[in-house]
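Me: I'm new to reading protein models, and I'd like to go through one feature by feature. Can you walk me through it?

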Amino acid sequence: MIVLVTIRDFAIYGSVYGDEITGRIDRELSHSVACIIDEVLPSATVQMLPSEKGEYIILLEQADTDTADPADIAYSVKIKLQSGLKKSMLQWTGIGMELGVGYSVTDAHFERQMQLPAALAQARRMASLPLDLHSTRIATEFEAILNRGDIRAHYQPILDFRKGEVHGWEALSRGPAGTQLESPLMLFEVAELMGTLFRLETICREKAMRGLGPISPNQKLFLNIHPKTVADPHFTPGNTLELLDSLGLKPENIVFEITERQSVQDFGLFFKTLAHYRSQGFLVAVDDVGAGYSGLSAIAELQPEYIKLDKSLILDIHRDPVKRALAETITSFADKIGSRIIAEGIENRDQAISLMDIGVHCGQGFHLGRPAPTKQGTNDNWAELRSIAQVSRKMVTCSIPVGDIADAPHAIAPNTLVSDAQEFFKLNRQFSSLVVADAEDNPVGLVTEYYMNRQLSAQYGIALYYKREVTSVMDDNPLIVDSSMPVEQAARLAMDRDSLKAYDEVIVVRRGKLYGTVSVQKLLDTLAKVQVEMAKGTNPLTGLPGNVSIEQELEGRMQRNEAFSIIYADLDNFKVYNDTYGFRNGDRIIKLIAEIITKATAKYGPQDAMACHIGGDDFVILTSRESVERTCQCVRRCFKRAVKSCYTEEDRTRGWITAKGRDGLERDYPLVSVSMGVLEVVGSCSLMDVGERAAHIKKYAKSIPGNSVARDRRAPLGSPEIDCADMPLGEPKSR
């Protein structure tokens with residue numbers, strides 16, 4: 001059997017859009033044909049024969065057991081190819097494309113040289129005629145689906161970014177599972193070809209509304225409506241209103257999505273008809289904005305309640321400043337005409353956060369929630385989302401150095417060719433930029449993929465830049481920060497840049513030399529995590545309870561007149577170590593002491609004992625009086641032994657390091673040690689009393705060289721009695 005697929009008006013496409021577009025079409029169809037044949041007829045042997053441009057000849061050798069009808073095979077190939085190509089065509093040309101299909105049945109002893117011309121002539125005649133599906137098996141199956149009402153509704157959540165809740169669900173129709181008509185693209189393509197679009201959409205709407213279940217008064221159900229259906233004289237809101245009333249829904253809960261992928265031939269009739277339905281209370285959304293026929297002028301005339309941005313605009317929006325600027329413009333436009341923006345196709349957190357920062361009202365996509373047979377709420381990903389605006393408004397303080405979150409850079413020399421850089425980006429999709437550095441590792445510029453491709457895609461761009469050095473397309477004034485700069489400060493500098501550079505990666509240096517790169521998204525993610533941890537009352541570095549939790553616990557224990565001990569732990573010589581070995585190693589010591597304190601508290605303290613992190617190198621343990629000695633001894637001994645691994649062999653052997661102190665003078669400093677001050681509480685007192693007593697005992701403990709413990713021998717807080725019963729832990733009474 002021979003199947004012939006033709007692109008109608010291929011020569012016209014070539015003359016209007018040029019060889020580049022027709023080449024793309026040809027490559028996409030060539031790649032898709034074999035895959036679709038394998039899907040339609042998996043047991044057949046497929047061979048592509050040489051053909052003219054705009055023609056695709058497929059020779060099929062069917063298995064003996066295959067009884068598929070030739071017309072079904074040919075028409076299934078056409079429908080699948082045309083559905084798959086539609087999106088690309090709209091993106092490349094703004095219009096659709098019509099494919100022709102024909103076939104010729106050959107016998108088992110087919111002589112290619114002798115019989116091929118006649119078979120092709122028959123297939124070409126068939127391909128030139130209008131497609132008639134009515135006599136095919138696929139038409140019979142489709143008619144049976146309509147008669148049985150065998151349509152399933154799935155619901156995908158739409159989230160309100162500003163309120164943090166589900167705004168509504170889009171109803172997505174599916175055919176019978178396991179059939180070629182399960183796909184909505186196939187289902188509606190066949191319906192349009194057979195002239196039964198209105199009948200199919202009526203079933204889909206009814207299934208979607210009946211399966212939705214109860215919703216709140218402000219939530220919405222989004223129903224896809226073909227423009228041809230709106231103008232159908234049988235499409236009246238009367239029946240729909242009755243059904244809504246029986247289900248406890250109102251027209252205000254229903255949003256008709258008018259897809260922008262279909263052209264509207266008579267705008268006057270279309271708007272007039274749609275206005276009638278809106279007068280009944282139904283709402284309207286324009287779907288696939290940015291990938292179809294209608295422009296902003298049509299949207300302005302329609303003034304829909306919702307504008308849905310096509311996923312092609314959302315793809316890589318966190319890295320593409322042009323797409324970001326376009327989304328900002330459409331969002332501003334929507335605000336001015338009283339519409340709300342819904343961004344479709346959100347597949348990752350970076351896209352979601354970028355859209356939230358732009359001010360987009362709502363979002364929809366796999367990252368926020370997949371379509372399901374029953375409506376679902378928010379997922380775990382939603383809880384993690386934080387926009388730049390949210391972080392900035394809450395003034396999150398994040399002292400984590402940017403060097404701690406920097407990624408290893410990929411650097412290229414200034415004489416690298418643009419063509420080589422482009423090839424690198426094609427082979428390494430995880431990179432969106434390259435650092436240009438000189439022979440001494442000093443960064444001199446940044447090459448971003450989007451800007452380079454923008455230069456190359458301009459008229460004569462290939463000729464001007466392709467074989468030139470990357471310095472011709474690089475940003476010679478990128479944002480460069482030192483590795484010690486706090487994340488918060490780096491994020492603010494990044495966002496203060498020109499809008500077209502706001503999402504370019506930040507170059508990180510250490511002592512002036514290239515150290516790494518960090519994306520703006522990573523900076524914001526770090527700030528968001530700090531915000532989440534602060535909201536939980538925990539320290540973002542160690543995960544231990546922080547100041548809020550300490551205060552709440554102290555107040556609770558004192559109100560209950562409990563007797564307990566407070567151990568304040570502080571590191572000695574830590575600043576000198578941090579300055580000498582760097583912030584990354586400094587954090588390593590903080591995490592080390594936190595781990596030791598946590599384990600000692602759990603091992604020797606009662607069940608309600610708490611290890612807490614005030615911040616920096618200050619820690620607090622709330623425990624029983626009986627467990628103090630063993631807890632402190634464990635912390636002191638373990639830290640003394642473990643901290644040596646944080647030094648070089650030379651410093652570890654000497655037992656000290658040479659460094660500059662706060663006064664700028666160089667001297668020898670011992671290894672980092674831990675000092676602990678212990679005080680007792682036996683009843684109600686103020687947090688100020690605790691703070692003052694703690695400051696005295698901590699100062700005394702730090703005056704003792706090495707890893708030390710000082711116990712306050714004055715009367716316990718909350719009691720006038722003098723407590724001299726406990727044996728000291730190797731030190732005199734506190735002064």
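Me: Let me start with a single residue. Is Gly248 buried or exposed?

Reply: Keep in mind that this is a predicted model. To sort residues, we look at relative accessible area: over 50% counts as exposed. Gly248 has 62%, so Gly248 is exposed.

Me: Where in the chain does Gly248 sit?

Reply: Look in the loop between α8 (237-246) and β8 (254-259). You can also check a distance from there: Gly248 and Ile215 are 33 residues apart along the chain, and their C-alpha atoms are separated by 9.2 Å.

Me: Now for charges. How many salt bridges does a search of the whole structure find?

Reply: Here's the general idea: side chains of opposite charge can pair when their charged atoms come close. In this model, the search turns up 32 salt bridges. One of them joins the side chains of Arg124 and Glu55, at 2.7 Å from N to O.

Me: Which parts of the chain does the Arg124 and Glu55 pair tie together?

Reply: Arg124 belongs to helix α3 (residues 112-127) and Glu55 to strand β3 (residues 55-61), so the pair connects parts that are 69 residues apart in sequence. The two partners also differ in how they're classed: Arg124 is partly exposed at 34% relative accessible area, whereas Glu55 is buried at 11%.

Me: What about helix α20? Which residue meets Asp525 in a salt bridge?

Reply: That's Arg349, with 3.4 Å from N to O. This pair links distant parts of the chain, since Arg349 is in helix α13 (residues 349-358) and Asp525 in helix α20 (residues 520-536), 176 residues apart. To class Asp525, recall that buried means under 20% relative accessible area. Asp525 has 12%, so Asp525 counts as buried.

Helix α20 has another charged residue to look at, Lys522, whose side chain meets Asp407 in a salt bridge of 2.8 Å, N to O. Asp407 lies in the loop between α15 (388-393) and β13 (411-412), so this pair ties helix α20 to a part 115 residues away in sequence. Asp407 counts as partly exposed at 36% relative accessibility, and Lys522 is also partly exposed, at 29%.

Me: Which residues are linked in a network of salt bridges?

Reply: Find Glu170, Glu257, Lys308 and Glu344: salt bridges link these four in a network.

Me: On to sheets. In what order do the strands of the open sheet of 5 strands come?

Reply: Read a sheet from strand to neighbouring strand. Here the order is β20-β21-β19-β24-β25, with mixed pairing. At the edges are β20 (610-615) and β25 (708-711), each of which pairs on one side only. On average, neighbouring strands in this sheet are turned by 20° against each other, direction ignored.

For a specific pair, take β19 (residues 564-572) and β24 (residues 673-681): they run antiparallel and are joined by 9 bridges. Within that pairing, Ile567 stands opposite Val678 in β24.

Me: Which helix lies across β19, β21, β24 and β25?

Reply: That's helix α24 (residues 628-642), which runs at about 170° to β24. Helix α24 also packs with helix α23 (residues 583-604), at an angle of about 150° and with the axes 9 Å apart. Angles over 145 degrees count as roughly antiparallel, so α23 is roughly antiparallel to α24. Their crossing is right-handed. Among the residues making the contact are Ile589, Leu592 and Ile596 of α23, and Cys634, Val635 and Phe639 of α24.

Notes
Residues are numbered from 1 along each chain as its sequence is written. This is a predicted model: local features need pLDDT of at least 70, side-chain atom pairs count only at pLDDT 80 or more; totals for chains, interfaces and linings use all residues. Side-chain values use heavy atoms; hydrogens and water are left out. Helices (H or I, at least four residues) and strands (E, at least two) are DSSP runs, numbered from the N terminus. Buried means under 20% relative accessible area, exposed over 50%, partly exposed in between (1.4 Å probe, protein chains only). Two strands pair if DSSP finds at least two bridges between them. Axes are lines fitted to C-alpha atoms, for helices over the stretch in contact, and angles run from 0 to 180 degrees between N-to-C directions. Contact means heavy atoms within 4.5 Å. Angles under 35 degrees count as roughly parallel, over 145 as roughly antiparallel, 65 to 115 as roughly perpendicular and the rest as oblique. A crossing is left-handed if the near helix is turned anticlockwise from the far one by less than a right angle, and right-handed if clockwise.
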